[in-house]
Each structure stands twice: as C-alpha cells, then as structure tokens.
Amino acid sequence: HRTQGLLRGMGQGWRSVAAPCASLQAAWAVPAQEGSRKVEKPKVDLTLYENLDLDNYDLTLDSYGDVVDLSNYEELYDYGDIAPKIEVGTLAPRPKDPEAVPKVGTTAPAPKPQPPTSSPVRPAQGEAASPPPGLPSCLLCLCIGTSVYCDDADLERIPLLPPDTTYLYARFNRISAIRAGDFTGLKKLKRIDLTSNSIAWADADAFRLLPSLQELILPENRLTALPELPRSIIRLDARLNRIPSTGLQPEAFRDLKQLQFLHLSDNQLDYVPTPLPESLRSLHLQNNNIQTMHKDTFCDSQDHSHIRRALEDIRLDGNPINLSLFPNAYFCLPRLPTGRFA
C-alpha cells in the first residue's frame, strides 16, 4: 500500500509539472503558426490593358527614317581628340598629393602666380590682337592639353592661340572673318571647327600655310567663297553657307590627294566641282542648284576599265537635275549617286 501510494503521488507530481510545460508550448506555438502564413499578392487586373491601342506605335526599320531624322546632326559635338573621355564643365579631378587638399574649416592659401610656359603666337605685323594684351586665349577659353575650346564664348574673331595648339573648337560665336594672320605659326594644328558663326569672308592664305591641317569644319556660316586649302586636308565641311560655283577656284580640289570627305550641301553651286581626287570617298552636294553633268564628271570616258572604288557616297538629291539623262557618267562608280532618276 505504501508503494502504491508513493507511485500515485509521483504521478500527480509529474502531471503538475507537465501542465505548465504544455501551456508554455501552446503559447509558443500560436505565434509560430500565425507567422508562417503567406501574404497573398494582389492579382493584376489584365482588363485594364485590353483597350490599349498600339497600332500607331509600330516602329519598324521601314518607318524609322520617317520618325527620326538624324541627317542634320553630323558630328556637331565631335571631341575625337580627347582620350580618355573628359566631361567639360565637371569638377576638377582631385590632386594626387593629399597635402594639396584644403582642410575643412580652413581657407586655402592663394596660389602663387606662375610664369607662362609658352607665349601665344602673335599675328602678322599690322594685325590687331584679339584679346587685350596680357590676356592669353586660355583665360578666354578652356585649354585641355593641346586642345582649345572656345565654344559659345561671344568671340568676334579668332583668339591668340598657344603655338602647340592641335585642335581648335570655336563654335557658336560671332566671328565674322578669318584673317591671314589668325593661324600664323601653328604648325601642329590638325582640326579647326568654326560651326555656327557669322563668317562671311576668309583670307586666301588663312589655311593654306597650315602643314598639318586635316579637318576644316565651317558649316552654318555666311561664306560666299572658299579659300585655298593645304594639301594635307582630309575633310572639308562647308555645309549651309552661300557658296556659288564662282566662289570655288578653278580645279580647287585637283591636288588635294588626301581629301576623303567633301561636304558642300545647302549652298548655291551650279555644277559638280571637277576634277575630283581619286582619294575622295564621300561627296555631299544635295540641296544646291546643279542642273547638268558632264560624262567625265566622275569617270574617264576614254578609259572604260577605270573604276573608282573609294567613291561610294555621292549625294545629289535636292538638285534640279535628272540623273537618268547621264547614264555614261556612272560606269566607274561602285554605287549610283543618290538623286532623281525619273
């Protein structure tokens, strides 16, 4: 009897201990079940898109040219001389020397003036200086390496340039003329970009004596004649001017053996300027007043084996000429000119 009573007492004790544990387990189990429930995502109502009409937005390769016309945006912002790319107008790069960085809350000492490493080229005798004395072009413009950027600087003439200038950008100014002394001594100058000025006149020797000049960019000006060009020229762009055929010197492009791109569209030319060098790859003469063509304009009529493989891009559209009237003028070309054939 004592043993049975002892066992009953132990059983009741274990039940009393197990009851709180069971209640504790239930208390922990409830939030676990609630936390394991997945949140249901709202269903998308596709009926909202059933009435959406996209017929007018069917953009294909056939209709792309009608929607987007990039023909007038030929390298207006070509900074091909910069490597690596530099964003003009951003903050200057941090100096490598940590001591050169001013501490917060202190005033940086004023930099000591340094003598200029090179003086600007002076114009020919008798020519007036563009900026006032003592004001070099790198204070008027932005000089990065051997490139000088004078875009939209309210210039009325070409500024004095350092003698090692290689690339000049002076677009969107009020320059009205190019004088013979503007580029004197600049033997390294490769590119001149004077887009969107008011240039109505250029001296005959303004560019002829530049031995390294490869690109002369003069669109959107008021030129009525082209000056002589150096034999080193590769690209001439004089679109959107007022140049008639009489404004071109006779056989102006014959001796330019390196000329590859000749763009004279949107002028007042009456005929295709000939002879053209064999090096020419692109000839743009659209939107002029060309009405006729000679059979030897592009090809040698005496040599039917002659083929001009380089000249693949000829634009004559926008002229009052029917190209189908001159079938013997294209036998040496790899492609027919772009224009009216009816």
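Tyr 330 is a buried residue, with a relative accessibility of 6%; the cut-off for buried is under 20%. The model is predicted. Tyr 330 forms an aromatic pair with Phe 341, and that pair is described below, after the chain as a whole.

**Elements of the chain**
- Three helices and eleven strands make up the secondary structure elements of the chain.
- Read from the N terminus, the order is α-α-α-β-β-β-β-β-β-β-β-β-β-β, so the helices precede the strands.

**Burial, surface and contacts**
- The chain has 342 residues, and 34% of them are buried.
- The exposed area of the chain is about 22,700 Å², of which 54% comes from carbon and sulfur atoms.
- Among contacts in the chain with a separation of 6 or more, 47% are between residues 24 or more positions apart.

**Aromatic pairs**
- Three aromatic pairs turn up in a search of the whole structure.
- One of them joins Tyr 330 and Phe 341: the ring centres are 6.2 Å apart and the planes stand at 70°, so the pair counts as edge-to-face. The cut-off for that class is over 60 degrees.
- Both Tyr 330 and Phe 341 lie in the segment after strand S11 (313-315), so the pair ties together parts that are eleven residues apart in sequence.
- Phe 341 has a relative accessible area of 33% and is partly exposed, whereas Tyr 330, at 6%, is buried.

Conventions: Residues numbered from 1 in each chain as written. Predicted model: local features only at pLDDT ≥ 70, side-chain atom pairs only at ≥ 80, totals over all residues. Heavy atoms only, no water. Helix = DSSP H or I, 4+ residues; strand = E, 2+ residues; numbered from the N terminus. Buried < 20%, exposed > 50% of the residue type's maximum accessible area, 1.4 Å probe, protein only. Contact = heavy atoms within 4.5 Å. Areas by Shrake-Rupley, 256 points an atom, 1.4 Å probe, with all protein chains shown as cover. Phe/Tyr/Trp six-rings, centres within 6.5 Å; stacked < 30°, edge-to-face > 60°.
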